[in-house]
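New to this one? Here is a quick briefing to read alongside the sequence and the 3D view.

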Amino acid sequence: MLIKRVRAKDVLLGRLQRGDDLLEALTVLVRQEGVRLGRLEALGAVEKARVGYYDQEAYEYRYLDFDQDLEILALVGNVSLRDGQPMVHAHLTLGDAQGRAFGGHLVPGTRVFACEFAIEVLEGAELHRGHDEATRLPLWTG
Ligand code: ZN
């Protein structure tokens with residue numbers, strides 16, 4: 001187990017532009033704003049999506065591509081440090097025209113139609129990602 005006690009500093013509220021790559025735009029934003037630790041949420045819609053599913057037997061991601069208009073029902077994520085740089089880790093729940101929900105681990109390749117976000121900037125500690133042997137994922141190591 002790993003626990004860090006942090007406190008809320010402030011919140012960045014805003015929206016992305018149509019055509020933005022969702023993960024890349026959020027990553028640029030947190031780096032420009034100097035957010036080193038935080039949590040984020042967003043909602044909106046995308047024109048296409050690409051998400052990952054981690055195969056726990058093979059220890060590798062499989063990627064799912066959805067080439068259709070979808071609602072962002074929920075994006076939840078956090079910001080921490082990987083190799084000293086702020087990194088966004090986010091999971092995305094999407095909804096289709098029939099209201100069915102699906103999603104996964106957000107990766108580059110998801111194109112924004114509209115997106116409103118809230119990033120809560122946290123302070124008081126840092127979290128760094130490093131290799132976790134048990135899962136072979138870049139998890140928080142300290
Ligand atoms: Zn993930």
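This is a predicted model, and a search through the whole of it turns up three aromatic pairs. One of them joins Y61 and Y63, whose rings are stacked, with 6.1 Å from centre to centre and 25 degrees between the planes. From there, the tour takes in a zinc site, two pockets and a handful of single residues.

**Aromatic rings**

- Ring pairs tie Y54, Y61 and Y63 together into a cluster.
- How accessible is Y61, one half of the stacked pair? Y61 has a relative accessible area of 27%, so it counts as partly exposed.
- Its stacking partner Y63 is partly exposed too, with a relative accessibility of 42%.
- Another tyrosine ring to look at is that of Y59, which has R136 lying over its face, 3.8 Å from the ring centre.

**The zinc site**

- Which protein atoms act as donors to the zinc ion? They are NE2 of H89, NE2 of H91 and ND1 of H105, and they lie 2.0 to 2.1 Å from the ion.
- If you want to find the donor residues along the sequence, look for the spacing H-x1-H-x13-H.
- H89 is partly exposed because its relative accessibility is 24%, which falls between the 20% limit for buried and the 50% limit for exposed.
- H91 is partly exposed as well, and its relative accessible area is 40%.

**The largest pocket**

- The largest pocket holds about 270 Å³ of space.
- Its lining is made of 15 residues, and those nearest the centre are Y61, H89, H105, L137 and P138.
- Which elements give two or more residues to that lining? They are strand 2 (38–55), strand 3 (60–66), strand 5 (85–95), strand 6 (101–106) and strand 9 (137–140).
- By class, the lining of the largest pocket breaks down into eight nonpolar, five polar and two charged residues.
- Some names here should ring a bell: H89 and H105 are among the zinc donors, and Y61 belongs to the aromatic cluster.

**The second largest pocket**

- The second largest pocket comes in at about 170 Å³.
- It is lined by 13 residues, with G34, V35, R36, V121 and L122 lying nearest its centre.
- Two or more residues of this lining come from each of strand 1 (7–16) and strand 7 (111–123).
- The lining of the second largest pocket has six nonpolar residues, six charged ones and one polar one.

**Loop residues with a positive phi**

- Y59, the residue under R136, sits in the loop between strand 2 and strand 3.
- Y59 isn't a glycine, yet it has a positive phi of about 55 degrees.
- With a relative accessibility of 31%, Y59 counts as partly exposed.
- D83 also has a positive phi without being a glycine, this time of about 50 degrees.
- You'll find D83 in the loop between strand 4 and strand 5.
- Is D83 buried or exposed? D83 has a relative accessibility of 75%, which is over the 50% cut-off, so it counts as exposed.

**Residues in the strands**

- A114 is part of strand 7, and its C-alpha lies 5.2 Å from that of A45, although the two residues are 69 apart in sequence.
- At 33% relative accessibility, A114 is partly exposed.
- G77 belongs to strand 4, which covers residues 70–82.
- Why does G77 count as buried? Its relative accessible area is 16%, and buried means under 20%.
- G77 and L23 are 54 residues apart along the chain, and their C-alpha atoms are separated by 11 Å.
- Y53 lies in strand 2, and its C-alpha is 7.6 Å from that of L64, which is 11 residues away along the chain.
- Y53 has a relative accessible area of 49%, so it is still partly exposed, as exposed means over 50%.

Note on methods
Residues are numbered from 1 along each chain as its sequence is written. This is a predicted model: local features need pLDDT of at least 70, side-chain atom pairs count only at pLDDT 80 or more; totals for chains, interfaces and linings use all residues. Side-chain values use heavy atoms; hydrogens and water are left out. Rings of Phe, Tyr and Trp (its six-membered ring) pair if their centres lie within 6.5 Å; planes under 30 degrees apart count as stacked, over 60 as edge-to-face and the rest as tilted. Buried means under 20% relative accessible area, exposed over 50%, partly exposed in between (1.4 Å probe, protein chains only). A charge sits over a ring if NZ of Lys or CZ of Arg is within 6 Å of the ring centre and within 35 degrees of the ring normal. Donors are N, O and S atoms within 2.8 Å of the metal (3.2 Å for Na, K and Ca); water is not among the atoms, so sites may look incomplete. On a 1 Å grid over the protein atoms alone, a cavity is a set of points where a 1.4 Å probe fits but cannot get out, and a pocket is an open set with protein on both sides within 12 Å along at least five of seven lines; lining residues have an atom within 4 Å of a point. Grid points are joined across faces, edges and corners, and a volume is the space filled by probe spheres set on the points. Helices (H or I, at least four residues) and strands (E, at least two) are DSSP runs, numbered from the N terminus. Ala, Val, Leu, Ile, Met, Phe, Trp, Tyr, Cys and Pro count as nonpolar, Asp, Glu, Lys and Arg as charged, and the others, Gly among them, as polar.
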